[in-house]
Structure formats: structure tokens, C-alpha cells
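Q: I'm new to this one. Could you take a close look at a single buried spot for me and then work outwards from there, in plain words?

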Amino acid sequence: MTLILFLAAIAGLLFVMRRESGAKHAIGVMLVVGVLSLFVGSGWLSLVLFVGAAITAAAGLPQFRINWLTPRVFATFKKVAPKVSETEKVALEAGTVGWDGELFTGRPDWHNLLINRHSGLNEEEQAFVDNQCTQAVSMCNAWDLAVERADLPKELWDFLKKEKFFGMIIPKEYGGLGFSAKAQTAVLQKLAANEMLMVTVGVPNSLGPGELLLKYGTEEQKKHYLPRLADGREIPCFGLTGPRAGSDATSLPDTGIVCKQEVDGKEVLGIRLNFEKRWITLAPVATVVGLAFRMFDPDGLLGDTEDHGITCALIPRDTDGMEIGRRHCPIGSPFMNGPIKGKDVFIPLDYIIGGQEMAGQGWRMLVECLSVGRCITLPSGAAGAAAYSVGTAGGFTRVRRQFNTPVAEMEGVQAPLARIASKTYIAQSAVNHTANMIDRGEKPAVPSAILKYHLTEFQRDILTDAMDVHGGKAVTLGPRNYLGIGYSGMPVSITVEGANIMTRSLMIFGQGAIRCHPYVLKELAAKDNDDLKAFDEAFFGHAGLIFGNAARAFTQAFGIGKADVPLDSASSKYAQALARFSSAFGLCADAAMSTLGGELKMRELLSARLGDMLANLYLGSMVLKNWHEGQPAEGEKELMEYSMTLLLNRTETALDEFLKNLPNRPVAIALRVITLPLGRSWAEPSDKSTRALAQAISKDTPLRKKLLAGAWTTDGEGDVPNPVAQYNHLLKDYDKAEQLYRKATKAYAKGELPMTALHPEERFEAALKAEVFTQEEADFMREYEALVLEMLTVDDFPFDEFARNKDTLIDHNPA
């Protein structure tokens, strides 16, 4: 009976903790079981429970703890709480908290995620994607743009301006397209078949003068610039990064000194700028430069403030003293990118974006805009490049034959094909549904870091796998190589808009731990305001959350008290697993913050692993939302299951590595018992599902078509062939061709065809003469094999082609 009552007490307390019902309910459980223990003669158990109830009352009931416990905890908290700089405060206050905040609670409400369905594009947006985007990308050949021109063709520049590609975010009232975030991501996914084109269109619609003007500009600035930006009369760039200010953008040394200067015979109050910027996209061709600088007023011309802080201004290209026009050569894809310098450049005060009253507000402006732009441009490009890799890698491995079989049938090739399919599916789900959140009014700061880091890393993985399965076809550059230039340009996406190392190590969890946590921001605010009552509510609410997450993580690991998820039977178990790991993540996050305090900022490896957990939970949620709202194609269930298994395995790996490396070992051991009481449970996806996905994307299947729905799949125009379209044509005829390949191979093995018929073309002709093939079959295979050979062929060049200085050539064969 003592054992039964003890277990009843544990079960009751776990139930109360799971529901975060508060101290009164916990006290009630202990008192009831304690009284029952007295009746059955279990005095020691009743004593333990009564003492526990008394301690819980003293520490858990506000009317008791506020006078003795809270002041002591508050004093300690003030000493150990990390100091938040003004720069960090601006970043923390920027953006909104949505589903990322739900994941931090450990009890995500799936109804809040699913309530806003992805409604798709409107007719105008869809027509633009189908028509203008298709026409634009069909004018691009990667070799021509990157090597022959190092630029887009003039007719393409003119087309982009005419069709207002640079004005997607600009409202129609100012002459722009006024597209939704969903439409912007759809456009960039389509254009991602060519990286130079995607970057050229994406950057002006991301962090740049257009968005800054739209949100913060004066009405006069909007009326002048926005129509000109929309139709391409003005090409913008934005100068933020410099030689000494990269990831730490707030440390920029570029200055603007408030002064007076005579202009056209009149004394004008303005700013004298000295700056050096580099890595500025579109700078070589820009007509107007957005510039971030540190603004000072040493003579007090504007008031008592000497250091106004970071300020953003808009400067015409032809302003005296500005050096612009030179180029950098970005690795792999020389899109327009270059340095900007200025010495004693004088601008009037009304060049400040938003006018004089926005002086010093530049960092806030940049952070608020970046939270949206980073969710769209590079993640969309990554998703688009991933789909393009599905089309090419799947097609190539099906038509490329070795050992008398398509290489897509070899398990060593099927593994990377399955990874390509899964990471493409995850990327598409994440960008599309996060864009839908933006259209619903959210400014997702933490998800923007998640998408930027993980989707560009997915892009790197996908392109590496695609290169591997192509072999020699992809490592030989030339006009026929549709992967190599994009692959070599991959480090650009990894590096820009927040280097991936920094984003993973510092931003995802570092920002989320304060911004998304239900209580930490409230605790810090109470500290800053010296508000004991507010701290009491926040701190003990936080304590309740910790106990709740511990109970949820432990019980759900045994399958007890699974989360309520409004999903179908195919996906509900994955949502319940995400909910379990959400509780484990919340518990580990609190453990890290409480045991390490301010030191956690410097423990970047631990922060990165917590960020990995949060990111995989977020990506998994987007996959399930995509599955829930869509019409599944044949084979998509297997793709969803593979993707969720992959993400849950990554989540569990991050949790395991965090627990192995948490410095406080007793806490780490306790956390392992709570979060992984049965050990690890999510292995990597099975070989069976790997084979199924590889088959699906290397044949003409509904799943392949769905993954390619947003990609460029139509035939190219003029001299620009579309390899995805060519592979799609081959795959439609593959079943017929495969039967004839086997027929010819079988006849050759029997000796019915000449031994010298080694080439496929020779074998088909011999099969026709031997009446193994009919005339129709031979004609079909001639055409089919000709296109296959074209897709397998690589380029070659004259001996002196690659020497820029022909005088340095060595004649190795003078005879």
C-alpha cells in the first residue's frame, strides 16, 4: 500500500506539473495522499508529503513567498542576469513572436499553427510566375552569363525593368507590383535556375532602399524614389558591410559629421561622410546608394546629442566624392557586386531616410527589415536551386547507364537522391509557409535566422549530392554544365546576410532564448525597472514552466499523455514527437541559462546545439503544416515520413550532444534521465524509404512533378535549352526505352548481334538488321539515344581558350 500511495503521489504531481496547475494543486495532491498514508500506517511517507506540502506552500504561494523568498531571489538574479546592450535590445524588440514562441513553451498549440492556411497566389501573381518569370529565366545560360558576359544580357535587363521585377515589394500606388510575400518567394524559386538572375532580382526586393523607404521614408522621398525604383529608372544598392564591419555590423567605422557647407552660393546644413564599403550587391550598376554610417554632431548644430548612432541615407550615384563602379568577382557567379568609397562627401540632411527625425534610427530600421528579407531571398533561392537539382539529378541518374542499368537503380546513388528529395521538400515547406505567416502580419525574426542558416546549408548539401551523382558531367565546365557554376557559387549564400557560422552559433538560440521565451524578457524588464511584483510573477511562472516541461518530456518519452494534435493518422505521431522534444528543448534551454548565466553567450557550441533543436522543430512543423493543407501526390506520404524522420533524428542528435557537453554534469545527467529515459528512439530514415524516394524523383511520377511545380520546367527559348525539360521528355519515354535497352542487351548476350556492336547506336542498327527491333523501335531508340548522348556530353575548348594573356602560352608541341 505504501508503494501504491507513493506511485499515486508521483503520478498526481506529474499530472499537476504537466498541466502547470500551480502550487495549490500540488499541495492538494500531497495532503490527500499524506492523509491516506496515515490511515494505512505509512508514517514516513505521510511525513515526507506533509513536509513537501509545507515547502511548496512557502515557496509556491504568492502570499507567503513575496515577503521572504522573492526578494532574495531577485537580489541574486540582478547579480547573475546577463547585461543586454542597447544594440541587443533593438534586435530583441524587432520582429514578432509566433510559432517559434510556441515551441519555446514546451506545449505548442497546433491549432495556432494550422488556423492560417496557405491560400496560394492570386491570379495576377500566378500569371507573373508562369509567364514573366519563365521568360526571364529562359534568357539565361549560366556559362554565358558567368564567363562570357559576367553580366545579364541587355535585353534581359530591359525586360526586368519593363516588367517591374525590381518593384515586387513596392505597392501599386507607387508604381510597383505590390506582391505578397508568397508571390515573392515563388518568383525567386522560379528564377533560382540561374543564381545571377535570382540575386539580381532578389536583393532590391530584400534589404535595400526600397523597403527602407516604404517603411520609414518621408512622403516626399516615397513619391520621388519608389516609382523610379519600381520601373528600373533607378537601380538601388545598400552599403552596410565594410572592411572592418561584417557580422558585427554595429561596429561600422564609417562616419557622418553634421556641418555646414556652401552649395550653389548658399550655406546648407548637412552631413560630411567618409566611408568605405565592400561586397555591395548591385553597386557597380546602382544609380542610388543606401548608406549606413555613424552620425556625429560635435558642434551641436542639431541639439545636445553628439553621437546620434547608426543612420541610413539615400545618395545619388553622381554625388561628388563618391567612388563607385569597380567590381568584386563573387566566387562562381560574378553577379554585380563591388566596393563603394567616399571621402568628404557632403549630403543635405533631407537625404536621411525618413528625414532628420530618423537620425540614429538606422540599426532599428535595418534589423526590422532584415527579419522579413532574410526569410525570403536566400531561403527562396535555396528552395528553387533544390528543386532544380531534383529535376537534373533525378533525370541524369535515370538516363545515365553503367553495367547495363540506370545508375538510379544503384543504392549508393539512391542515398543522395533521397536526401535531395527530402531536403527540397523541407525547404519548400519552410519558405512557403513562413511567407504565408509574413502575409498574415508576422515579422519572424528567429525563423528568419533558422531559414537563412538551415536552408542555405541544405542547398550546399543538395548541390554537393547532385554534383556527386553527376560525376564527370558536372565537374567539366562549359555551356552544357547546368550545375557547376551554381555549385561553385554556393559559398556566397552561406556567407552573406549573416554568416552561417555566426547565425547558428549566436543568433538562432541567442536571440530566441530571450525574444521567444515566455518569461525571460519579462524577468529582464522587471530587473531593469526594479519591479519586485512583476519579477515574482515572471520568475515563479518560469519555475512552473520548468517543472511542466520536465514532466511532459519525461512522461511523453514513455508515450504517456501525448500531445493533442489535430492531424491525420499519418502525421500525428510526428507532431507528438515534436511536442515531446519541444518540452525537452524548453527544459534544456532553461537549464543552460540557469547554470551558465551570462557565460552562455560565450558557449557558442552549446548555443548552436540548442539552436539546432529549435530549428529542426520549426522545420518539422512546417513540413507537417504543408502535409496537412495540401493534396498529397502519390508517394508524398513516404517523402513526408522520410523528412520527418530525418528532422527528428537531427533533433535528437542535437539534444544528445548538448547533454554530453553541458559543463554542469549532475544537471546534465538529470536532464538525460528526464528527456531520454529510454535512450535514443529516432534512427535515420530506412533503406526502404531511400529506395522509394530515389525511384520517385528519377522517373516521371506525380511526386517528381509536385517537387518541380515551382521550378522552370518548360522548353528554353532560342539557344538556351532547359535541362529539366529535356530530362522530363526523356523520362516520359523511359519505360519504353528501358524495355528496348534490355531487348538489345539480351540479344547481344545470346550472340544474335555482332560482338563489335559495342556502342548503343551500333547495337540498335544491328538489332534492326537482325529483326530484333522493328523499324519503329529502331527509329525511336535512335532519337532517344541521341538526346541521352547530348545530356551526357561535356564541352571542350581550343587550347588557348582559358589564358587571358595569350603571350604567356607555352607551345608544348612545336613540331
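A: Let's start with Val288, which has a relative accessibility of 1% and so counts as buried. This is a predicted model, so treat everything here as a description of that model. Val288 belongs to strand β4, which covers residues 288-296.

What does Val288 touch, once residues up to four places away in sequence are set aside? The list has Tyr225, Leu229, Glu234, Ile235, Pro236 and Cys237, and then Leu314, Ile315, Pro316 and Arg317. Take Leu229 from that list: Leu229 sits 59 residues away from Val288 along the chain, yet their C-alpha atoms are separated by 9.4 Å.

Another of those contacts, Cys237, is worth a stop of its own. Cys237 is buried too, with a relative accessible area of 2%. Could you expect a bond from its sulfur? The closest cysteine sulfur is the one in Cys312, and at 13 Å that is too far for a bond. For anyone who hasn't met the term, a disulfide is a covalent bond between the sulfur atoms of two cysteines. Searching the whole structure turns up zero disulfides. Cys140 is in no disulfide either, and its nearest cysteine sulfur, that of Cys133, is 11 Å away. With a relative accessibility of 7%, Cys140 counts as buried.

Now for a strand residue with more to show on the outside. Trp279 is found in strand β3, residues 266-281. Its relative accessible area is 49%, so Trp279 is classed as partly exposed. The backbone has a quirk here: phi of Trp279 is near 60°, a positive value in a residue other than glycine. Lys164 has a positive phi as well, near 65°, and is likewise not a glycine. Lys164 lies in a loop, the one between α11 (154-162) and α12 (181-191). With a relative accessible area of 27%, Lys164 is partly exposed.

Stepping back, how many helices and strands does the chain have? There are 34 helices and nine strands. One stretch has a label in a record: an unreviewed UniProt entry lists residues 360-499 as "domain: Acyl-CoA dehydrogenase/oxidase C-terminal". Residues 360-499 are 77% helix and 3% strand, and the C-alpha atoms at the two ends are 25 Å apart. Separately, the domain assignment of the chain gives domain 1 (1-60) and domain 2 (737-814). The C-alpha centres of domain 1 and domain 2 lie 81 Å apart.

And the chain as a whole? For 815 residues, a compact globule would have a radius of gyration near 28 Å, and the chain's 31 Å agrees with that. Along the principal axes, the C-alpha atoms fill a box of roughly 100 × 90 × 55 Å. Buried residues, the group Val288 belongs to, make up 54% of the 815 residues in the chain. Looking at contacts between residues at least 6 apart in sequence, 74% of them join residues at least 24 apart. The pairing of Val288 with Leu229 is one such contact, with their positions 59 residues apart along the chain. Finally, the accessible surface comes to about 35200 Å², and carbon and sulfur atoms account for 54% of that area.

How values were computed:
Residues numbered from 1 in each chain as written. Predicted model: local features only at pLDDT ≥ 70, side-chain atom pairs only at ≥ 80, totals over all residues. Heavy atoms only, no water. Disulfide = S-S within 2.5 Å. Buried < 20%, exposed > 50% of the residue type's maximum accessible area, 1.4 Å probe, protein only. UniProt positions renumbered as here; feature names shortened; annotations may be inferred. Helix = DSSP H or I, 4+ residues; strand = E, 2+ residues; numbered from the N terminus. Domains from an automatic or database assignment. Rg over C-alpha atoms; globule rule 2.2 N^0.38 Å. Contact = heavy atoms within 4.5 Å. Areas by Shrake-Rupley, 256 points an atom, 1.4 Å probe, with all protein chains shown as cover.
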